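User: Could you walk me through this model? I'd like to start with how you decide what is buried.

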Amino acid sequence: MLTAATARYTAKQISAAEFAQQLLECMTEGIVFRSTYTPTWEPLRPLFAPRQGIDEIVARYDYENEYEVIHDGSGMPVDLSISGDVAYYTQRETASFFDREPVTWDMVTKIRFHEGKIAEITMFVDATPIEAAYAGPPH
């Protein structure tokens with residue numbers, strides 16, 4: 001459901017308010033997003049910055065939709081492990097940011113559930129390839 005709602009929102013088929021309402025069906029109102037990566041290059045920081053609450057999650061989707069083009073891998077877990085109310089999955093993603101060159105990186109995502117909804121998303125990012133491509137001026 002989350003993938004379908006995101007696709008409809010980024011295609012501008014539903015409004016931000018409708019998207020937020022649909023997110024509440026699968027996320028808690030106080031959803032927390034965090035990442036282990038703080039980019040060197042300032043424009044990338046909002047993609048990896050901590051967020052809390054549905055409105056901040058929608059704002060992150062807006063920023064991502066405007067400045068990131070995913071070429072391969074988003075939403076395609078390589079493996080999945082679930083224990084109690086926590087799930088982990090590994091992804092390899094290829095994307096470009098701000099119309100610059102594509103880069104491929106690996107990450108592990110931890111999802112914590114509360115009463116059947118996503119309450120927390122933590123991305124453990126291998127940022128070495130992103131930093132190599134994006135820490136300085138365009139190559």
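Analyst: Buried means under 20% relative accessible area, exposed means over 50%, and partly exposed lies in between, with a 1.4 Å probe and protein chains only. This is a predicted model, in which local features need pLDDT of at least 70 and side-chain atom pairs count only at pLDDT 80 or more, while totals for chains, interfaces and linings use all residues. Residues are numbered from 1 along each chain as its sequence is written, and side-chain values use heavy atoms, with hydrogens and water left out.

User: OK, is Tyr-88 buried or exposed?

Analyst: Tyr-88 counts as partly exposed, because its relative accessibility is 37%.

User: Switching topic, how many salt bridges are there?

Analyst: The count is five, where a salt bridge is a side-chain nitrogen of Lys or Arg within 4 Å of a carboxyl oxygen of Asp or Glu. One of them joins Glu-120 to Arg-34, with the closest N and O atoms 3.0 Å apart.

User: Where do those two residues lie?

Analyst: Glu-120 is in strand E7 (residues 117-125) and Arg-34 in strand E1 (residues 27-35), so the pair ties together parts that are 86 residues apart in sequence; strands (E, at least two residues) and helices (H or I, at least four) are DSSP runs, numbered from the N terminus. Glu-120 is buried at 13% relative accessible area, whereas Arg-34 is partly exposed at 34%.

User: And which residues are linked in a network?

Analyst: Salt bridges link Arg-34, Arg-112 and Glu-120 in a network, and the Arg-112 to Glu-120 bridge has its closest N and O atoms 3.3 Å apart.
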